[in-house]
Amino acid sequence: MEELKLYTIGDLKQWVLKGERKEGLSDSIITPTRAFAFVNNPYASDEMPVVSALFTNGELAAYTAAFPEKLLKPDCITHWFNSLYVSPKYEGKGYGLFVLGSLMECYGNDPVFDLDAVSTSVEILTYLGLQSGSFDQYNFRNKSIRLNSLKGKMANIYNKTQRYFEANSTNVSLKKRITKALYTLQYDDFIDSAAFDFIREHSSSDAFLRTKDSLNWMLRYPFVHEAPLLDRVKQGNLFSSSKPWQRYYVVKVFVGSELVGVYILCDSSTRLTLLYIYYEERYQEEVLLSITEHIIKFGNARFATTHPLVADFVQKHKLYSFNSITPTSFCYPKEYDWMAAKTIQGGDGDMLLN
């Protein structure tokens, strides 16, 4: 016997704030961290359905979840699907379509967009009437060598030596440019009015423009928390909320007293990610150098961006051993096909939260 259950923001509040959970609701469907973020969403109301789960003879067969957002561009209320799971036992029965479609029906005429989805989700969304396209994500990494053997340690020394000689002349020149650069930085963990005004003024080429409230909600309530002893954490959900570390940095770049750039970085155990970048064209060099200085300072073995100019700068200066381009999905309603030619930022959709 199949049974569909929809859970609202009010249901999540009862669970994470009062410990009273509705039948079937558990961290197997949505982690408490993610549920707590949903509860604090500035555009969510208690009666809004945000989780759909399908049970077969009392066994969890499939689930999905979505959160609402008021966008400034395009001017609309949307709902971002950020999880979709079907038990291997029930694959091929259309359960993914069923749980995702059941939530979409709740949202009426609100347009739905989707970014960075797995192929199964893209197939379902296109079946439900969305157009599908892609944008490029630029990925950089250094060579990964296991150090638990003498051979591995020797290979690591050789690799570092080789990288030093290959990139030395480039790095020396780059570090001199960084040292001579006249920019100063201001760090925050939120978007203030000055930063948001700058973002708004420099977002004409972007597909999406979020509100200040949305950005600050995401920075304050990400779907991930730090778990220093990750090996001790019991993983009860495919969409885990635990990472060894993850930190966000809102960076303002100044030349003299003028604000010339705003960007958001996320440094995590997964990679260093440039989530958003906005800058004055005439100070492009200073902003790029400041991002490069962060890359060097963090020393993260991986870096990702959707910004081609930043990617080209990183590749040109040989900051990483390897680079690749990943075509990443973008689904949108047909009436928004103009967005396909616009820029996708690395934090759009639910990408900032993960």
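The following exchange covers a helix pair and a cavity in a predicted model.

Student: Why is α8 called oblique to α9?

Tutor: The axes of α8 (residues 284–298) and α9 (residues 308–316) cross at roughly 60°. Roughly parallel needs an angle under 35 degrees, and roughly perpendicular runs from 65 to 115. The crossing angle fits neither range, so α8 counts as oblique to α9. The two axes come within 11 Å, and the crossing is right-handed.

Student: How do you know that α8 and α9 are in contact?

Tutor: Contact requires heavy atoms within 4.5 Å. By that rule Gln284, Leu288, Leu289, Ile291, Thr292 and Ile295 of α8 meet Leu309, Val310, Phe313 and Val314 of α9.

Student: What makes up this contact of α8 with α9, by class?

Tutor: Eight residues are nonpolar, two are polar and none is charged. Leu, Ile, Val and Phe count as nonpolar, whereas Gln and Thr fall among the polar ones; Gln284 and Thr292 are therefore the polar pair.

Student: How many cavities of 30 Å³ or more are there?

Tutor: The count is one. The largest cavity holds about 40 Å³ of space.

Student: What makes a space a cavity and not a pocket?

Tutor: In a cavity a 1.4 Å probe fits but cannot get out, whereas a pocket is open.

Student: Which residues line the largest cavity?

Tutor: Ile199, Phe208, Leu209, Arg210, Leu215, Tyr276, Tyr278 and Asp348 do. Strands β8 (209–210) and β13 (272–279) each give two or more residues to that lining.

Student: Which classes does the lining of the largest cavity hold?

Tutor: Six of its residues are nonpolar, none is polar and two are charged. Arg and Asp count as charged, so the charged two are Arg210 and Asp348.

Conventions. Residues numbered from 1 in each chain as written. Predicted model: local features only at pLDDT ≥ 70, side-chain atom pairs only at ≥ 80, totals over all residues. Heavy atoms only, no water. Axes fitted to C-alpha atoms, helices over the stretch in contact; angles between N-to-C directions. Helix = DSSP H or I, 4+ residues; strand = E, 2+ residues; numbered from the N terminus. Parallel < 35°, antiparallel > 145°, perpendicular 65-115°, else oblique. Left-handed = near helix turned anticlockwise from the far one by under 90°. 1 Å grid on protein atoms, 1.4 Å probe; cavity = no way out; pocket = protein on both sides within 12 Å on 5 of 7 lines; lining within 4 Å. Points joined across faces, edges and corners; volume = space filled by probe spheres on them.
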